[in-house]
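Here's a look around a protein model, from ring contacts to empty space. Have the viewer open and follow along.

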Amino acid sequence: MVAVIKTGHCVRAVVNYNENKVKQAKAQCIGEGNYPMEVSRMNLSMKLSRLLHQNALNENVKRNSVHISLNFHPSENYSKEKLLQIAAAYMEKIGFAQQPYLVYQHHDAGHPHIHLVSIKVREDGSRIDMQNIGRNQSEKARKEIEKEFNLVRAEGNKKQETPLLKPAAAGKVLYGKTESKRALSGVLESVLLNYTYGSLAELNAVLQLYNIKADRGSVDSRIFKSGGLVYRILDQDGKAAGVPIKASDLSLRPTLGFLEKRFALNSTERISEKKRIRSAVDRIFFAKQIRLDKLMLLLEKEGISMVLRKSDAGLVYGLTYVDHVTRSVFNGSALGRNYSAKAVLERCGAAGGKEKPQAAGEVLKNKADLSEKQSAGNTIQGSSTKELEELMKPEWQGEYSSGKFKARRRKRKRKRRSDLN
């Protein structure tokens with residue numbers, strides 16, 4: 001079992017995401033915890049109001065929603081009763097036994113999984129501290145539940161672990177083969193509410209993986225001036241195909257105003273997410289020279305997509321990292337200078353598609369040249385003795401003497417106040 005925990009600012013959006021899956025027959029609300037009645041007797045308003053009313057007890061808690069997915073091995077097709085038992089055991093072990101929560105069983109991926117929706121505000125108005133909950137309480141709960149319910153262990157199945165974590169429930173949108181609006185809505189609901197992105201460019205880096213682009217139009221266009229937004233389906237060459245669809249015509253209504261709110265919510269530093277991507281890139285580059293296409297392939301195995309931005313001439317001028325494990329999106333420059341397009345191309349030994357020596361290779365070459373010059377010592381004999389002495393002269397260093405050889409400093413005797421009077 002693999003558990004993924006996400007917190008957010010809007011529990012309404014999380015509930016609506018799961019309920020929209022139910023409407024599309026891609027999910028089913030199978031249970032609840034700490035609600036006054038069974039989920040089969042509740043409508044959407046009743047499910048949501050229980051969470052909103054308890055959150056209102058502490059308005060200082062900004063990131064008050066909790067969205068957890070428990071992912072199982074493809075061979076594990078358990079009954080609803082067992083899934084509810086697993087959900088209850090997990091919530092108890094991570095400290096959410098007394099919290100209201102909803103359980104949704106999803107059928108939109110290649111592996112069985114359930115979603116748990118809850119809140120961070122307790123019934124007395126206090127806040128649940130979730131600092132390092134994934135590494136501590138959740139990891140311990142996962143191992144205990146795997147033994148208790150005889151589940152397939154996540155450890156020892158590393159090849160399957162990354163696909164389980166990928167939330168890519170929707171497939172690529174193919175123009176002419178699927179109903180455009182329905183296909184767009186499915187992808188947007190999966191991406192917009194699950195990934196953290198700080199700009200339209202970062203969002204488009206994810207959507208590009210599904211052949212979709214969010215487009216504001218040119219600066220002089222009527223759409224741009226009116227603050228509008230359309231979504232376009234892209235062909236295999238990345239060019240728009242078919243008629244664009246207005247954001248306001250889609251079920252989620254992912255307008256520019258909606259996205260700007262998401263940008264603001266996702267504007268946190270996200271240090272741990274950045275560190276994971278940096279570590280993955282550095283680990284691949286460590287002590288080896290590698291081509292860009294190979295780098296992208298190895299990052300995919302880590303659950304990270306590298307999306308390239310190219311000019312009309314085919315030259316790479318930017319790149320974006322999409323981490324499907326933490327569901328975070330970062331432009332290369334946001335991770336640091338060494339992870340920008342220019343630096344990565346240099347580290348890969350390519351610039352503008354043309355091969356050139358890697359930076360590390362140049363250093364080795366220079367060292368080899370230096371050793372050759374040193375071995376051919378006869379070539380230096382033409383230099384004057386004065387020049388050689390100047391080159392071999394060591395850097396100045398201050399004199400050092402041990403403390404026991406230094407003269408002790410005499411303490412100055414302070415005059416008492418009585419002596420001053």
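Over the ring of which residue does the charged end of Lys 82 sit? The ring belongs to Tyr 78, with the charged end 4.1 Å from its centre. A charge counts as sitting over a ring if NZ of Lys or CZ of Arg is within 6 Å of the ring centre and within 35 degrees of the ring normal.

Some ground rules before going on. This is a predicted model, where local features need pLDDT of at least 70, side-chain atom pairs count only at pLDDT 80 or more, and totals for chains, interfaces and linings use all residues. Residues are numbered from 1 along each chain as its sequence is written, and side-chain values use heavy atoms, with hydrogens and water left out.

**Rings and charges**

Tyr 78 also has an aromatic partner, Phe 72. Rings of Phe, Tyr and Trp (its six-membered ring) pair if their centres lie within 6.5 Å; planes under 30 degrees apart count as stacked, over 60 as edge-to-face and the rest as tilted. The count comes to 2 aromatic pairs by this rule, and here they are together with the charge contacts:

| Contact | Kind | Values |
|---|---|---|
| Phe 72 and Tyr 78 | edge-to-face pair | 6.1 Å centre to centre, 85 degrees between the planes |
| Tyr 197 and Phe 263 | edge-to-face pair | 6.0 Å centre to centre, 85 degrees between the planes |
| Lys 82 and Tyr 78 | charged end over ring | 4.1 Å from the ring centre |
| Arg 216 and Phe 224 | charged end over ring | 4.1 Å from the ring centre |

What does the pair of Tyr 197 and Phe 263 tie together? Tyr 197 lies in the loop between helix H6 (180–192) and helix H7 (200–207), while Phe 263 is in helix H9, so the pair links parts that are 66 residues apart in sequence. Helices (H or I, at least four residues) and strands (E, at least two) are DSSP runs, numbered from the N terminus.

As for burial, the cut-offs are under 20% relative accessible area for buried, over 50% for exposed, and partly exposed in between (1.4 Å probe, protein chains only). Phe 72 counts as buried because its relative accessibility is 0%. Tyr 197 is buried at 0% too, and Phe 263 makes the cut at 14%.

**The core and a buried helix**

A nonpolar core is a set of buried Ala, Val, Leu, Ile, Met, Phe, Trp, Tyr and Cys residues joined through side-chain atoms within 4.5 Å. The largest one has 32 residues, with Leu 207 and Tyr 231 touching the most other members. At least two residues each come from H1, H6, H7, strand S6 (212–215), strand S7 (230–234) and H9. H6 has the largest share of this core, 6 residues.

Helix H13 (residues 341–348) is largely enclosed by the rest of the structure, because 6 of its 8 residues are buried. Among them are Arg 347 and Cys 348. Just after H13, Gly 349 takes a positive phi of about 85 degrees.

**Empty space**

On a 1 Å grid over the protein atoms alone, a cavity is a set of points where a 1.4 Å probe fits but cannot get out, and a pocket is an open set with protein on both sides within 12 Å along at least five of seven lines; lining residues have an atom within 4 Å of a point. Grid points are joined across faces, edges and corners, and a volume is the space filled by probe spheres set on the points.

There are 4 cavities of 30 Å³ or more, and the largest holds about 260 Å³. Its lining has 19 residues, with Thr 7, Gly 8, Val 14, Leu 193 and Arg 262 nearest the centre. Strand S1 (2–8), helix H1 (11–23), strand S3 (65–71) and helix H9 (256–265) each give two or more residues to that lining.

The second largest pocket has about 1000 Å³ of space. Of its 31 lining residues, Gln 208, Leu 234, Asp 235, Asp 237 and Gly 238 lie nearest the centre. S9 gives the most to this lining, with 6 residues.

**Two unusual phi values**

Most residues other than glycine have a negative phi. Ala 25 has a positive one near 65 degrees, and this residue lies in the loop between H1 and strand S2 (27–33). Asn 34 has a positive phi near 60 degrees and belongs to the loop between S2 and helix H2 (44–55). Ala 25 is exposed at 63% relative accessible area, whereas Asn 34 is partly exposed at 34%.
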